[in-house]
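Student: I'd like a close look at one buried spot in this model and then a walk outward through whatever surrounds it. Could you take me through it in one go?

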Amino acid sequence: MSGGVVDIGFVELVAASAFMLVAGIVSWKLALGQTKRIVVSGVRTFVQLLAMGFVLLYLFQYQTWWIVLIVLGLMVLAATHIATSRVKSSVRGLWPAVFVSLFASSMIVAFTVVEGVIHADPWYNARELIPIAGMIIGNAMAATAVAIDRLFADMDSRSSEMFTLVALGATPREAAFPSLKAAIGAGMTPVLANMSAAGIVTIPGMMSGQILAGADPLLAAKYQIVVMLMLSAANTIAIVLACFLTYRRRFAPDGYYLDEGIRPDNQL
């Protein structure tokens, strides 16, 4: 036992990797071509989470405000890279917009929760700030990737309509607005679905973890409510910022819509 939590030995941890055989066997039998990806994902899960555990041990013991902020910045950088790599459409200048969206949304909401709800002391307490920020960044990353992908896919499907609207005098924002609405709605859907299912279909992660650690179920439920609400707010902020910062990438500086045949060849 460690602080009320049942310790998992390394033998049991390695044995748990057998769960990956389920996905591996399905990939092999159906010739999905995902076997290598499954192995790499499993190895990365072990390495990255154990590495994070060691980093957090150091932070909890020797934390200073600037080290905590550096770790948060690195987490946002990694999330930006992953989010942009998930966008199927090739879009120039996407990286800075996604970084700003994730950084602004995660930091605003994380520090609001840490200071206004949990009342951390000091304000940069890594034991509270890092896990909360990590949940926010991870969820905002996934939601942002979905929203941006939907945004540009929808704009491409409406390319003739948008080209006509701009030619008739519409501004880029007016032409892209239906796509912006669709993208923001798509990005918000997963977290809203999770909120609807919480407590009926699922016992969410933080609540489950606290119960396993021996916390009072009602206290765990209160924490989970705060988590779900903060994720909803952070995801919405990140999605709206990302969509409104990136939709102009499909337009020329003078406002004309760049159809696929006239877009810059050197896409990033």
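Tutor: Let's start with S101 and its contacts: leaving out residues up to four places away in sequence, S101 touches A238, L241, A242 and L245. Keep in mind that this is a predicted model. S101 itself belongs to helix α5, while α10 runs over 217-246. The relative accessibility of S101 is 0%, so this serine counts as buried.

What does the side chain of S101 reach at 3.0 Å? The partner is the backbone nitrogen of A242. A polar atom of the S101 side chain also lies 2.8 Å from the backbone oxygen of A97. A242 therefore turns up twice for this buried serine, as a residue that S101 touches and as the owner of that backbone nitrogen.

Now step out to the nonpolar core. The largest one has 57 residues, and I130, M155 and F251 are those with the most contacts inside it. Elements that give two or more residues to this core include α5 (94-118) and α10 (217-246), along with α3 (35-62), α4 (65-85), α6 (126-157), α7 (159-167) and α8 (172-197). Which helix gives the most? That is α6, with 16 residues.

M155 is worth a stop here. Setting aside neighbours within four places in sequence, M155 is in contact with M162, A176, S179, Y247, R250, F251 and Y257. F251, one of those partners, is also among the residues with the most contacts inside the core.

Staying with α6, have a look at L129, which is found in that helix. L129 has a relative accessible area of 0%, so it is buried. Not counting residues up to four places away in sequence, L129 touches V68, L72, A110, F111, V114, W123 and Y124. If you'd like a pair to click on, try L129 and L69: they are 60 residues apart in sequence, and their C-alpha atoms are 9.9 Å apart in space.

The database record fits in here too. An unreviewed UniProt entry carries the annotation "transmembrane region" for residues 6-26, 38-59, 65-83, 95-118, 130-152, 191-213 and 225-247. Take two of those stretches in the model. Residues 130-152 are 100% helix and 0% strand, with the end C-alpha atoms 32 Å apart. Residues 225-247 are 96% helix and 0% strand, and there the end C-alpha atoms are 33 Å apart.

Next, the empty space. The structure holds one cavity of 30 Å³ or more, and about 40 Å³ of space lies in the largest cavity. Its lining is made up of V113, I118, I132, M206, Y223, V226, V227 and M230. Both α5 and α10 supply at least two residues of that lining, and the largest share, four residues, comes from α10. That brings us back to the helix of S101, α5.

The second largest pocket holds about 950 Å³ of space. It is lined by 24 residues, and R44, Q48, L49, A78 and I82 lie nearest its centre. Which helix supplies the largest share of this lining? α3 does, with ten residues. At least two residues of the lining come from each of α3, α4 and α6.

Finally, a few backbone details to check in the viewer. Most residues other than glycine have a negative phi, and most peptide bonds are trans. Against that background, look at the loop between α5 and α6, where both H119 and P122 lie. H119 has a positive phi of about 60° although it is not a glycine. Is H119 buried or exposed? At 55% relative accessibility, H119 counts as exposed. A little further along, the peptide bond from D121 to P122 is cis, with omega near 0°.

A31 has a positive phi as well, about 55°, and is not a glycine either. You'll find A31 in the loop between α2 (20-29) and α3. With a relative accessible area of 66%, A31 is exposed.

To tie it back to where we began: S101 is buried at 0% relative accessibility, with its side chain reaching the backbone nitrogen of A242 at 3.0 Å.

Key
Residues numbered from 1 in each chain as written. Predicted model: local features only at pLDDT ≥ 70, side-chain atom pairs only at ≥ 80, totals over all residues. Heavy atoms only, no water. Core = buried A, V, L, I, M, F, W, Y, C linked by side-chain atoms within 4.5 Å. Buried < 20%, exposed > 50% of the residue type's maximum accessible area, 1.4 Å probe, protein only. Contact = heavy atoms within 4.5 Å. Polar contact = N/O pair within 3.5 Å; in protein donor to acceptor, adjacent residues only side chain to side chain. UniProt positions renumbered as here; feature names shortened; annotations may be inferred. 1 Å grid on protein atoms, 1.4 Å probe; cavity = no way out; pocket = protein on both sides within 12 Å on 5 of 7 lines; lining within 4 Å. Points joined across faces, edges and corners; volume = space filled by probe spheres on them.
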